[in-house]
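Hi there,

Here is the structure I promised to pass on. Have a look at it first, and my notes follow underneath.

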Amino acid sequence: MLGFFRCVRSATRFSQVPRFPLITQRAFEKGTKISECGFHTTSPRAAIPPVVLIILRPALRVVAFFAGRNFRKWWRSLPKDKREHYWSRIKEKKWKILVGGAVTSAMAYWFYMSHLEVEPITGRERFSIVSTKQIQDLSQLEFQAICTEYASRIEPIKHPYYARMKRVADRLLHANKHLPQIYTKTWTITVLDDPRNMNAFVLPNGNIFVFTGMLDFCTTDDELGVVLGHEISHCLLGHAAENVSREHLLEAIKLVLIALAWAFLPSDILSLLGYGVGAGAVNATLRYPYSRNLENEADQVGIHLAAKACFDVRAALAFWDKMDIIHELDLLASQEWLSTHPSHKTRVAKIEEQLPDAISFRKYCKVRSILKDC
Ligand SMILES: [Zn+2]
C-alpha cells in the first residue's frame, strides 16, 4: 500500500520530529490544488482572535471582581435614605429595565443562533465562533509549545516506535482518505519518551503526538488503531474549535458569576464560596457533560475509521477493559460527573452497543478491498 506519509525535511528547528507533506491523492487525481478544495476557506466569525481572548481572560476576571466588590462597597457607604431613593427609582423604571433585559437576551440568543453550524461528518449542529484560520494558528502555536516543552524527550526518527506509529496512522488515514478533513491536512508524528504516560493526542492541524507509555500499553496494532482512530476523530470533527467556542461562552457566564458574587454577598469569604459553588455547578452541568459527549462522539467516529482501515475493532473493548483495571483504585476516575471524560465502564458499555455495526462495516470494507485487489 502506498504510504500516506512522506518525509520532506530533516534539518529543522524540530529536527527530531518527522514532518510529512500531505499526499493529497484525491486532489492530485483531480488535478486541483488544495486551496481550490474549498475546505480552507475562512469566515471572519470572531472579531477578536481566540489567542487574544485567552490572554484577556485573567484580566477580565480581575475587572469583574473589582466591579462587583466596588459596587458592594459603594452601596454600603450610602446613607439609608439614599438607598431607598435608588430602590424607588428602580421600581419606577422596572418596565424599562425588563425591556432592556429582554432585548439583551434576544441579542444574545440571536448571536448564538447565528453562529450555529452543521458538522459535516456527524450532521450535528454546534456553536462556533472560531474560524479555520484562527484554529490553525492556535494549533501551530501549541505544536511549537509542546515541541519546546518536550524537546529533550522527543524520540529520534530511527526509533522503532516511529515505524509502528507510521504503519498504523498510515493505514487509518489511507483507508479514510476520501474525507476532506484528512486530505487537506499535513500530518506529522511525534513520539514522546515517557513510559508512565499512557496518552496520545492530535492537534487540529494534524500533528499526532503519542507517549511511549501508550505505545507500550497498546499490545497490538488493533488497539493502537482504535486509540489513534479516536484521537484523529477529535481532529476531523473540529472538537478543538468547538471547545474554544464553548469556553468563551462559559467564561462569559463565570464573569457574570464573579461580579454578582462580590456585589451581593456580604463578605469576601462568602463571595469566594458563592463563586466556587456557582463555578462548580457550571462545570458539572455544562462543561463536563458537553466534554463527555464529544468524547463519546470521537469514540463512535474513531471506531468507524478503524473499521474502514480493517482493524479488529473488538480491540476497543480490550483496551478500555485494561484501562478500567489499572484505574480501579482511582476514585476520581470513577466519578464521571466530575470528569471531562466518560468513565471507562461507560465507554465499554457504549462501545459494546456500537460494535455490531462497526464489525459489519469492517466486513463490508474488507470485502470491498479484496474485490478491488482482484
Ligand atoms: Zn478523547
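C310 sits in the loop that links α11 (268-308) to α12. This is a predicted model, so please read everything below in that light. Although C310 is not a glycine, its phi is positive, at about 65°. For background, most residues other than glycine have a negative phi. Is C310 buried, exposed or in between? With 17 other C-beta atoms within 10 Å, C310 counts as partly exposed.

Just past that loop, helix α12 covers residues 315-326 and includes K322. K322 is also partly exposed, because it has 16 C-beta neighbours inside 10 Å. In sequence K322 and H344 are 22 residues apart, while their C-alpha atoms are 9.3 Å apart in space.

Now for the whole chain. It has 14 helices and five strands, and 28% of its 374 residues are buried. Of the contacts between residues at least 6 apart in sequence, 72% join residues at least 24 apart.

As for confidence, the mean pLDDT is 83, and 83% of the residues reach 70 or more. Please take care with residues 1-46, where pLDDT stays under 50. For that stretch the model has 77 contacts beyond four places in sequence.

The sheet is a good place to go next. It is an open sheet of three strands in the order β3-β5-β4, with mixed pairing. β3 (188-192) and β4 (200-202) stand at the edges with a single partner strand each, so one side of each has no neighbour in the sheet. From one strand to the next, the twist averages 15°.

How do the strands pair up? β3 and β5 run parallel and are joined by five bridges. Along this pair, I189 stands opposite I208, and V191 has V210 as its bridge partner. On the other side, β4 and β5 (residues 207-211) run antiparallel, with three bridges between them. There A200 stands opposite V210, and F201 stands opposite F209. β4 and β5 form a hairpin with four residues between them, and G206 in the turn has a positive phi of about 100°.

How many residues of β3 are buried? Five of the five are, so β3 is largely enclosed by the rest of the structure. T188, T190 and L192 point one way from β3, while I189 and V191 point the other way. β5 is mostly covered too, with five of its five residues buried. In β5, N207, F209 and F211 point one way, and I208 and V210 the other. That fits the general pattern for a regular strand, in which side chains alternate between the two faces of the sheet.

V210 turns up again in the largest nonpolar core, which has 48 residues. The residues with the most contacts inside this core are L172, V210, M214, V226, A306 and V313. Helix α9 (residues 221-236) supplies the largest share of the core, seven residues. What does V226 touch, leaving aside residues up to four places away in sequence? The list is G302, I303, A306, F311, V313, A315, A316 and F319. Apart from this core lies another one of seven residues, among them L257, A259, A261 and Y275.

Three of the helices make a useful set to look at side by side:

- α9 is mostly covered, with 15 of its 16 residues buried. From first C-alpha to last it reaches 21 Å, close to the 22 Å expected at 1.5 Å a residue. G238, which follows α9, has a positive phi near 65°.
- α10 (residues 239-264) has 26 residues, which should span 38 Å at 1.5 Å a residue; its end C-alpha atoms are 37 Å apart, which agrees. Its buried residues include H239, R246, L257 and W262.
- α3 (residues 80-92) has 13 residues and should span 18 Å at 1.5 Å a residue; its end C-alpha atoms are 19 Å apart, which agrees. Where does α3 lie, in the open or enclosed? The number of buried residues in α3 is zero, so it lies largely in the open.

Have fun exploring it, and do write back with any questions.

Best wishes

Note on methods. Residues numbered from 1 in each chain as written. Predicted model: local features only at pLDDT ≥ 70, side-chain atom pairs only at ≥ 80, totals over all residues. Helix = DSSP H or I, 4+ residues; strand = E, 2+ residues; numbered from the N terminus. Buried ≥ 20, exposed ≤ 12 C-beta atoms within 10 Å, placed from the backbone. Contact = placed C-beta atoms within 7 Å. Pairing = 2+ DSSP bridges. Axes fitted to C-alpha atoms, helices over the stretch in contact; angles between N-to-C directions. Expected span 1.5 Å × (residues − 1). Core = buried A, V, L, I, M, F, W, Y, C linked by C-beta atoms within 7 Å. pLDDT = per-residue confidence, 0-100.
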